[in-house]
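I opened this entry to look up one helix and its surroundings, and then to see what lines the main pocket. My notes follow in the order in which I checked things.

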Amino acid sequence: MASRNDWYRPRPYPHFDPPVSEEDARSVATDPKEVKSHAFYPFIKRVDRTPEYRSSEGVVKHKPRRICFAAHLDAHIYAYYSEKLSEQYEAHLAGKDYSESVVAYRSFDEVVGEPRCNIHFARDVFEFIADQCTPRQPLAALAFDVSSFFDNLDHQRLKTEWGKIIGSRRLPEDHYNLYTSLTQYAYVKLSRLQDIFSDFYDQSREERARKQICTAEEFRKNVRNEGHVIVNHHDWGIPQGTPISALLSNIYMHPFDQAVYEHIDE
């Protein structure tokens, strides 16, 4: 996949650090020495409720999704590494028989030369079923929704597959710092921040956008020192919602994608 160089974009939400210009973000994100020693802020976690229709029940229910927002500079670093790692991931898939079977979180306009989305993939499936399915040779389509997928990714397996994509058994120090920030990640609940910094959150959304919630000193005094930072001490789970999480889930699932394709193709 050719680099689009669009990893930088302003992020219109308040966080523990102020917004960062592209020049300043680039000076850190593109320098491995800076990244390997970079201290990542805790994420801010909120719960979104996504409506989903359940045809068997004929009702719409809301599925909770725990989303983590990275600090501004942290997000730019994740985005830059996501773009570069995506290029290596696509190079790894190039020429593989199962490449086009992996459809999540990929830009197929660059992979196959035309815009593609879930609507196109669903159409392909229905057309295949209509063409191949007969009374003597019925077909079955299986759909799975893995509960809390990001929350249960095994860290050691993720690190192993990450290393395979970049061609290294041991992650370089800059990559390892990202890996650590995403596996031993820390977060603060948005609801807690709304209580601590009520004056800030009493402002309108437009007034809060692209502002710093508090100073570094206020963060240490009122958030970290008061025990509001929660750390993931498990050997599994990465935050959902970062600019690199979706790509890492694809990398994690790569052996599964290959094994399923080879089993079906026997």
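I started at the N-terminal end of α6, where I found D154 acting as the cap, with a side-chain oxygen 3.2 Å from the backbone nitrogen of Q156. I keep in mind throughout that this is a predicted model.

Next I checked the length of α6, which runs over residues 155-166. Because each residue should add 1.5 Å, I expected the twelve residues to span 16 Å, and the end C-alpha atoms, 17 Å apart, agree with that. Just after α6, I noted that G167 takes a positive phi of about 70°.

I then asked which residues of α6 are buried. I listed H155, L158, E161, W162, G163, I165 and I166, and looking for their partners I found that the buried residues of α6 pack against α3 (72-93), α7 (173-183) and α12 (245-264).

From there I turned to the largest pocket, which holds about 2400 Å³ of space. I counted 40 residues in its lining, and those closest to the centre are S101, V103, L142, F144 and F256.

To see where the lining of the largest pocket comes from, I went through the elements: β2 (59-69), α5 (118-132) and α12 each supply at least two residues, and α12 gives the largest share, eight residues. I therefore record α12 twice, since α12 is also one of the helices against which the buried residues of α6 pack.

Last, I sorted the lining of the largest pocket by residue type and obtained 24 nonpolar, seven polar and nine charged residues.

Key: Residues are numbered from 1 along each chain as its sequence is written. This is a predicted model: local features need pLDDT of at least 70, side-chain atom pairs count only at pLDDT 80 or more; totals for chains, interfaces and linings use all residues. Side-chain values use heavy atoms; hydrogens and water are left out. Helices (H or I, at least four residues) and strands (E, at least two) are DSSP runs, numbered from the N terminus. The expected span of a helix is 1.5 Å times one less than its number of residues. Buried means under 20% relative accessible area, exposed over 50%, partly exposed in between (1.4 Å probe, protein chains only). Contact means heavy atoms within 4.5 Å. A polar contact is a pair of N or O atoms within 3.5 Å; within protein, one must be able to donate a hydrogen and the other to accept it, and residues adjacent in sequence count only if both atoms are side-chain atoms. On a 1 Å grid over the protein atoms alone, a cavity is a set of points where a 1.4 Å probe fits but cannot get out, and a pocket is an open set with protein on both sides within 12 Å along at least five of seven lines; lining residues have an atom within 4 Å of a point. Grid points are joined across faces, edges and corners, and a volume is the space filled by probe spheres set on the points. Ala, Val, Leu, Ile, Met, Phe, Trp, Tyr, Cys and Pro count as nonpolar, Asp, Glu, Lys and Arg as charged, and the others, Gly among them, as polar.
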